[in-house]
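Colleague: I would like to learn how to read a model like this one. Can we go feature by feature?

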Amino acid sequence: MMVCWVLNESVSVMVVLSWLAANFYLFIDTFCWYEQEESFFYTRVILGSTLAWARASAVCLNFNCMLILLPVSRNLISFVKGTSTCCRGPWRRQLDKNLKFHKLVAYGVLIHATIHTVAHLFNLERYHLSHVEGTEGLPAALSKLGSMPNESYLNPIRTFHVTVTTESLTTIAGVTGLVISLALILIVTSSTELIRQASYELFWYTHHIFIIFFIGLAIHGTGQIIRGQTPESLSVHNVTFCKDHYAEWQESSLCPVPQFSGKEPSAWKWVLGPVVLYALERIIRLWRFQQEVVVTKVISHPSSVLELRMKKRDFRMAPGQYILIQCPSISPLEWHPFTLTSAPQEDFFSVHIRAAGDWTRALLKAFGAEGQTLKDPCSLPRIAVDGPFGSSLTDVSHYPVSVCIAAGIGVTPFASLLKSMWFKCCESQSLPELNKVYLYWICRDARAFEWFADLLLSLETQMSERGKAHLLSYHIFLTGWNENQAIHIALHWDENTDVITGLKHKTFFGRPNWKDEFKQIAYNHPSSSIGVFCCGPKALSKTLQKMCRVYSSADPRGVRFYYNRENF
């Protein structure tokens, strides 16, 4: 089948192209304005084209700083997804890629901040060189302005003895620029995949330096190191004529001394709205932090997995959503995302947490799940919950065919979906759009199947009794086993029941052949829109995304795979 960009990928490209086009337009428009604007003619005499480079990159930097907080405003995104009638289909899926867009905008911030910094270093050096002894002509005359009572300066470096370093460390623009640069470097370096996997806590705390970054950004422009000729001066000082008669500025009434002023800071105007929205986001989180959460049950599962069952007043959820959890006794600031594993029909909500970092290990220890006796609910540490928030997995039931693929603990988002299906089957409710679900679970440890196998067994039994066995087809893959397990399987082999899970479907050993799986699914559903949902590592995600492209038909009437990945 031909490689085809399916509709949601086309929209993704449109979003990226729109963002690039906006950056390109702002940069070119600002660059040309500063290259041609008459009020900055004398500024260009000293600085040359680096003036336009510095100002154009500053506008793009402000634009990207305006955007960067919006994708991480979870309540805003949930509100838009839940209430907007125009946000449907492929456009709705773009909201599930909010973190990708956040990272894309972050690259834009980094690029334009680098251009801005380098351009201003050149500007400061040129300001400094215009004071060099022996410098003559218009640049020298402009740099000397400001020494008389009735004059205003153009060159912020007043003498040759003031170096670029001194100017950078003693002025508002220099100090705030240095603070902004250091904050940005720390945020970017701590956001790398290596750091996040090694120490999520370091990433989390360092990311909150963004507060210092935005404060520095708002103050930075008050330094006004870029100055232009005032409108009043332009009306009496003809630049075209007077630039060649600079020696007569003090005496001639035709060419009075030009007057200059700094450009008013504008960064705060760009970021004020998003900052207020994000502040409201944190206020909502603080309000939810005060709400009581009751832990009703704690269950320790194999492979260092902790299940918490909780209750909270007026808590409403949908399958596939996630929450943010804070444990003040471990850290009073950190919030960590976890997918809900309970169904809306249950009288509690639950999460399954695997020990995968310092914070999660501390949580398991606090709840007595590390080989100790589980604590009584009354003596458990306090838990705060923010959410729930929507994710791409909430769209599973919006496709006629859905393929759910999980690796390890990544199966937890699908637990909620399958439980909800189970309850609807018990209540004889129909699933309006969903006709078929394929579940693939890839796991290294056979013990990890235990808690999820019970759910699958109940669902399998209930669907068979209701005549809906065709609705769910699941495939479990075990990637790690030893000789003892192989002998046990051989000795206890049963044609009707799987030895490991106790289910009717047999466990496969090794990894799936995705080409064969997608080919078979495409063959089974030749004219369907198929949603592919993944919760697993990046390598698996890339493979599945490629398979969606390869096996989507070029014919609009053929099969189309729509890829969705769980993002926090």
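**Reading the model**

Modeller: Let us begin with salt bridges. A search of the whole structure finds nine salt bridges. Keep in mind that this is a predicted model.

Colleague: Which residue forms a salt bridge with R288, and how far apart are the closest N and O atoms?

Modeller: The partner is D386, and the closest N and O atoms are 2.6 Å apart. Look next at where each residue sits. R288 lies in helix α15 and D386 in strand β8 (residues 384-389), so the pair ties together parts that are 98 residues apart in sequence.

Colleague: Are R288 and D386 buried or exposed?

Modeller: Both R288 and D386 are buried. The cut-off for buried is under 20% relative accessible area. R288 has 16% relative accessibility, so R288 counts as buried.

Colleague: What else does R288 touch, leaving out residues up to four places away in sequence?

Modeller: R288 touches N75, K312, V385, D386, G387 and F389. One of these, G387, takes part in another feature: a cis peptide bond joins G387 and P388. Omega there is about 10°. P388 is in strand β8.

Colleague: What is the setting of the salt bridge between R313 and D314, buried or exposed?

Modeller: R313 and D314 are both exposed. Their closest N and O atoms are 4.0 Å apart. The salt bridge cut-off is within 4 Å. For D314 the relative accessibility is 59%, which is why D314 counts as exposed.

Colleague: And the backbone of D314? What is its phi?

Modeller: D314 has a positive phi of about 60°, although D314 is not a glycine. The residue lies in the loop between β4 (305-312) and β5. Q224 is another non-glycine residue with a positive phi, about 50°. Q224 is found in the loop between α12 and β1 (227-229). With a relative accessible area of 22%, Q224 is partly exposed.

Colleague: Where do D358 and R361 lie?

Modeller: Both are in helix α16 (residues 358-366). They are three residues apart, about one turn of the helix. They form a salt bridge, with the closest N and O atoms 3.2 Å apart. D358 counts as partly exposed because its relative accessibility is 46%. R361 counts as partly exposed at 39%. Salt bridges that share partners also join E193, R196 and K538 into one network.

Colleague: Now the fold as a whole. How many helices and strands are there?

Modeller: The chain has 21 helices and 14 strands. Of its 568 residues, 49% count as buried. To read the contacts, look at separation along the sequence. Among contacts between residues at least 6 apart, 75% join residues at least 24 apart.

Colleague: Which residues does Q326 touch, not counting residues up to four places away in sequence?

Modeller: The contacts of Q326 include F289, W335, W359, R382 and A384. Q326 lies in strand β5 (residues 322-326). At 2% relative accessibility, Q326 counts as buried. Take the pair Q326 and V385 too. They are 59 residues apart in sequence and 6.5 Å apart in space, C-alpha to C-alpha.

Colleague: How should I read I211 and V275?

Modeller: Again, set sequence against space. I211 and V275 are 64 residues apart along the chain, and their C-alpha atoms are separated by 9.7 Å. I211 lies in helix α12. It counts as partly exposed at 43% relative accessibility.

Colleague: On to the surface. Which residues make the nonpolar patch of about 540 Å²?

Modeller: W268, L272, V276, L277, L280 and I283 make that patch. W268 is in helix α15 (residues 267-290). At 40% relative accessibility, W268 counts as partly exposed. The accessible surface of the chain comes to about 27500 Å², and 61% of this belongs to carbon and sulfur atoms.

Colleague: Last, pockets. What is the volume of the second largest pocket?

Modeller: Its volume is about 820 Å³. With a pocket, ask next what lines it. The second largest pocket is lined by 36 residues, and H116, H120, A173, G177 and H220 lie nearest its centre. Then ask which elements supply the lining. α3 (50-68), α6 (98-129), α8 (164-170), α9 (172-190) and α12 (210-220) each supply at least two residues.

Key:
Residues numbered from 1 in each chain as written. Predicted model: local features only at pLDDT ≥ 70, side-chain atom pairs only at ≥ 80, totals over all residues. Heavy atoms only, no water. Helix = DSSP H or I, 4+ residues; strand = E, 2+ residues; numbered from the N terminus. Buried < 20%, exposed > 50% of the residue type's maximum accessible area, 1.4 Å probe, protein only. Contact = heavy atoms within 4.5 Å. Areas by Shrake-Rupley, 256 points an atom, 1.4 Å probe, with all protein chains shown as cover. Patch = residues over 30% accessible without salt bridge, like charges linked within 9 Å, V, L, I, M, F, W, Y side chains within 5 Å. Salt bridge = Lys/Arg side-chain N within 4 Å of Asp/Glu carboxyl O. 1 Å grid on protein atoms, 1.4 Å probe; cavity = no way out; pocket = protein on both sides within 12 Å on 5 of 7 lines; lining within 4 Å. Points joined across faces, edges and corners; volume = space filled by probe spheres on them.
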